[in-house]
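Welcome! Take a moment to look over the sequence and the 3D view, and then let us walk through them together.

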Amino acid sequence: MKKKLLFDATVIANAVYKNASRSGIFFASYNILTGVVNSGKFDVYLYSNLKNVECLRSIVEDDKCLRGKVRI
């Protein structure tokens, strides 16, 4: 049985703007998330504030490493 993991994806949701906020902290957060997802040990649930949910859905759908592997 996999453990459930709740991941704060606020930084990842802000990546849609592709500005200075998509910097080192974005890539660190993204790499941790994809590492956890690819480990197969967790059911990963992403959360963020309501204004970022649609951005987060768009990013997950466009990302082959995350698509179908995480829930929002």
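## A first term, and a first residue

A residue counts as buried when its relative accessible area is under 20%, as exposed when that value is over 50%, and as partly exposed in between. Please keep in mind that this is a predicted model.

Let us try the term out on Ile-25, which sits in helix α2, a helix covering residues 24–39. Its relative accessibility is 55%, so Ile-25 counts as exposed. Where is Ile-25 in relation to Leu-5? In sequence 20 residues separate Ile-25 and Leu-5, and in space their C-alpha atoms are 20 Å apart.

## The sheet

Now for the strands. The model has an open sheet of 3 strands, ordered β1-β2-β3, with parallel pairing. Which strands are at the edges? They are β1 (3–8) and β3 (70–71), each of which pairs on one side only. As a general point, the strands of a sheet pair through backbone hydrogen bonds, either parallel or antiparallel.

Strand β2 takes in residues 42–47, and 6 bridges join β1 to this parallel partner. One of the places to look is Lys-3, whose bridge partner in β2 is Phe-42.

## Helix α2 against the sheet

Helix α2, the home of Ile-25, lies across β1, β2 and β3. Relative to β2, helix α2 runs at about 145°.

Another residue to find in helix α2 is Thr-34. Is Thr-34 buried or exposed? With a relative accessible area of 9%, Thr-34 is buried, whereas Ile-25 in the same helix is exposed at 55%. A polar atom of the Thr-34 side chain lies 3.2 Å from the backbone oxygen of Asn-31. If neighbours within four places in sequence are set aside, Thr-34 is in contact with Cys-65 and Leu-66.

## A cluster of rings

Next, some aromatic side chains. Two numbers help here: a pair of aromatic rings is described by the distance of the centres and the angle of the planes. The structure holds 2 aromatic pairs. In one of them, Phe-26 and Phe-27 meet edge-to-face, with 4.9 Å from centre to centre and 80° between the planes. The other joins Phe-26 to Tyr-30: their ring centres are 6.0 Å apart and their planes are at 15°, so this pair is stacked. Together, the ring pairs link Phe-26, Phe-27 and Tyr-30 into a cluster.

Why are Phe-26 and Tyr-30 separated by about one helical turn? The reason is that they are 4 residues apart in helix α2. How accessible are the members of the cluster? Phe-26 counts as buried because its relative accessibility is 6%, and Tyr-30 is buried too, at 18%. Phe-27, by contrast, is partly exposed, with a relative accessible area of 41%.

## A salt bridge in helix α3

Finally, a charged pair. How many salt bridges does a search of the whole structure find? The search finds 1. In this salt bridge the side chains of Arg-57 and Glu-54 meet, at 2.9 Å from N to O.

Both residues belong to helix α3 (residues 53–62), and because they are 3 residues apart there, about one helical turn separates them. Glu-54 counts as exposed, with a relative accessibility of 54%. Its partner Arg-57 is partly exposed, with a relative accessible area of 36%.

Conventions:
Residues numbered from 1 in each chain as written. Predicted model: local features only at pLDDT ≥ 70, side-chain atom pairs only at ≥ 80, totals over all residues. Heavy atoms only, no water. Helix = DSSP H or I, 4+ residues; strand = E, 2+ residues; numbered from the N terminus. Buried < 20%, exposed > 50% of the residue type's maximum accessible area, 1.4 Å probe, protein only. Pairing = 2+ DSSP bridges. Contact = heavy atoms within 4.5 Å. Axes fitted to C-alpha atoms, helices over the stretch in contact; angles between N-to-C directions. Polar contact = N/O pair within 3.5 Å; in protein donor to acceptor, adjacent residues only side chain to side chain. Phe/Tyr/Trp six-rings, centres within 6.5 Å; stacked < 30°, edge-to-face > 60°. Salt bridge = Lys/Arg side-chain N within 4 Å of Asp/Glu carboxyl O.
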